[in-house]
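Work through the exercises below with the sequence and the 3D structure at hand. Try each task before reading its solution.

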Amino acid sequence: MLNLCTLFDSNYLSRGLALYESLKSTSPDFHLYIVAFDNACYQYLEKLHETKLTIISLAEFEDEKLLQVKPGRTAAEYCWTCTPSIILYCIEKFQLSACTYVDADMIFYDDPQILIDEAHFHSILITEHRYTRDYDVSATHGKYCVQFMYFKNDMEGINTLRWWRERCLEWCFARLEDGKFGDQKYLDDWPRRFPGVWVLQHPGGGLAPWNIQQYTLEKSNGKLFISDKIKAGRSPLVFFHFHGLKFFSDDKVACSGALYEMDGSVKDILYFPYIRRILEIGDQVVRSGFKRNPQGAWQPAPARKEIIFQYLKNIISLGLRGNLSLFNYRLYKSRLHDHIYTLSSIK
């Protein structure tokens with residue numbers, strides 16, 4: 001049995017359901033534990049009566065230490081603060097032999113057990129960002145991504161989780177400070193600090209907008225594969241992390257921030273099918289009587305000049321860090337960085 005956990009609120013409800021749907025289509029034996037971050041989300045998920053789901057309310061999950069720091073953190077910062085506590089809670093509450101944390105804005109295209117098997121006798125598995133060179137902010141934002149993390153219920157796994165939980169309770173904010181950033185910069189030295197840590201090697205685990213430029217995508221016999229543009233070989237795509245995808249109240253959607261380069265094939269093969277499915281799930285949720293927008297579309301899309309300004313700001317910031325090749329002509333091809341679409345053009 002593959003046990004996984006995640007967290008989300010009503011704004012990510014359709015994405016969380018898409019994640020669950022993808023697990024049902026790829027994993028023969030799994031159970032997903034969801035901590036619902038508001039009552040509307042909890043009540044909707046509870047009514048599904050899905051046998052492969054366990055829904056946990058905030059009232060059940062939150063302890064005194066979490067409640068003490070909650071008022072001083074934004075909603076996003078509090079979610080980051082809670083991540084190690086959620087994994088630890090699920091392992092201890094449900095007596096799990098192991099638990100894998102997954103972000104709610106991911107989709108599995110192949111069995112995640114493929115990735116877990118790579119850890120063998122190790123107690124912990126973490127994934128690198130594997131940034132494309134032009135976007136490499138690992139020095140400030142962390143080498144590893146809190147997106148897919150596996151912990152065994154043994155001394156090494158539990159001790160690491162407790163250490164991480166304490167650090168996040170002490171400090172977990174969306175800013176750079178004293179070598180820290182959010183919950184994930186704490187992971188940088190784990191392979192040296194803790195025994196039993198394995199860093200995922202499978203190329204098909206951890207694909208995201210900040211590294212997809214390194215790969216070509218292809219579909220064969222109904223399955224998705226990736227090939228490194230430099231190294232030889234082909235691997236199945238296990239999961240993609242749709243970080244930065246955002247829906248807007250004026251019926252538009254951004255696949256990602258403008259900084260990241262994405263060609264048409266990436267959008268046609270990954271993004272547009274995902275967006276269409278999110279919208280279909282969202283329509284089903286609303287038809288059931290759900291009163292909130294399950295995509296989190298609460299504000300209009302930014303104006304074109306705002307997007308250009310933010311893009312240039314990001315380019316300058318990366319250039320000052322020395323990560324950016326300013327002579328890369330693809331940085332200045334607007335077509336590769338224009339990721340906002342009207343929903344009608346995708347449907």
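The exercises below concern a predicted model.

**Exercise 1. Describe the course of helix α5 and what follows it.**

Solution.
- Step 1. Find the helix: α5 covers residues 75–93.
- Step 2. Follow its axis. The helix bends by about 40° at T83.
- Step 3. Look just past the bend: a proline, P84, follows within four residues.
- Step 4. Go beyond the end of the helix. Q95 comes after α5, in the loop between α5 and β4 (98–102). Its phi is positive, near 50°, and Q95 is a residue other than glycine.

**Exercise 2. Determine how α5 and α8 pack and which residues meet.**

Solution.
- Step 1. Locate the partner: α8 spans residues 155–170.
- Step 2. Read the geometry. The two helices pack at an angle of about 150°, and their axes lie 8 Å apart. The crossing of α5 and α8 is left-handed.
- Step 3. List the contacts. From α5 the residues include W80, T83, P84 and L88; from α8 they include I158, W164, C168 and L169.
- Step 4. Sort the contact by class: it has 10 nonpolar, three polar and three charged residues.

**Exercise 3. Is L66 buried or exposed, and what does L66 touch?**

Solution.
- Step 1. Place the residue: L66 lies in helix α4 (residues 64–69).
- Step 2. Compare with the cut-off. Buried means under 20% relative accessible area. The value for L66 is 0%, so L66 is buried.
- Step 3. List its contacts, leaving aside neighbours within four places in sequence. Among them are Y78, T81, C82 and S85, as well as R165 and L169.
- Step 4. Check one pair: L66 and T81 are 15 residues apart along the chain, and their C-alpha atoms are separated by 8.1 Å.

**Exercise 4. Classify Q95 and H120 as buried or exposed.**

Solution.
- Step 1. Exposed means over 50% relative accessible area.
- Step 2. Q95 has 63%, so Q95 is exposed.
- Step 3. H120 has 60%, so H120 is exposed.
- Step 4. Add the setting of H120: the loop between α6 (113–117) and β6 (124–128). H120 has a positive phi of about 50°, although it is not a glycine.

**Exercise 5. How many residues has the largest nonpolar core, and which have the most contacts inside it?**

Solution.
- Step 1. The largest nonpolar core has 61 residues.
- Step 2. L45 and Y271 have the most contacts inside it.
- Step 3. Helix α10 (residues 264–287) gives the largest share, 10 residues.
- Step 4. A second, separate core has 42 residues, including I56, Y144, C168 and W190.

Conventions
Residues numbered from 1 in each chain as written. Predicted model: local features only at pLDDT ≥ 70, side-chain atom pairs only at ≥ 80, totals over all residues. Heavy atoms only, no water. Bend = angle between axes of the 7 residues up to and from the residue. Axes fitted to C-alpha atoms, helices over the stretch in contact; angles between N-to-C directions. Left-handed = near helix turned anticlockwise from the far one by under 90°. Contact = heavy atoms within 4.5 Å. Nonpolar A, V, L, I, M, F, W, Y, C, P; charged D, E, K, R; others polar. Core = buried A, V, L, I, M, F, W, Y, C linked by side-chain atoms within 4.5 Å. Buried < 20%, exposed > 50% of the residue type's maximum accessible area, 1.4 Å probe, protein only.
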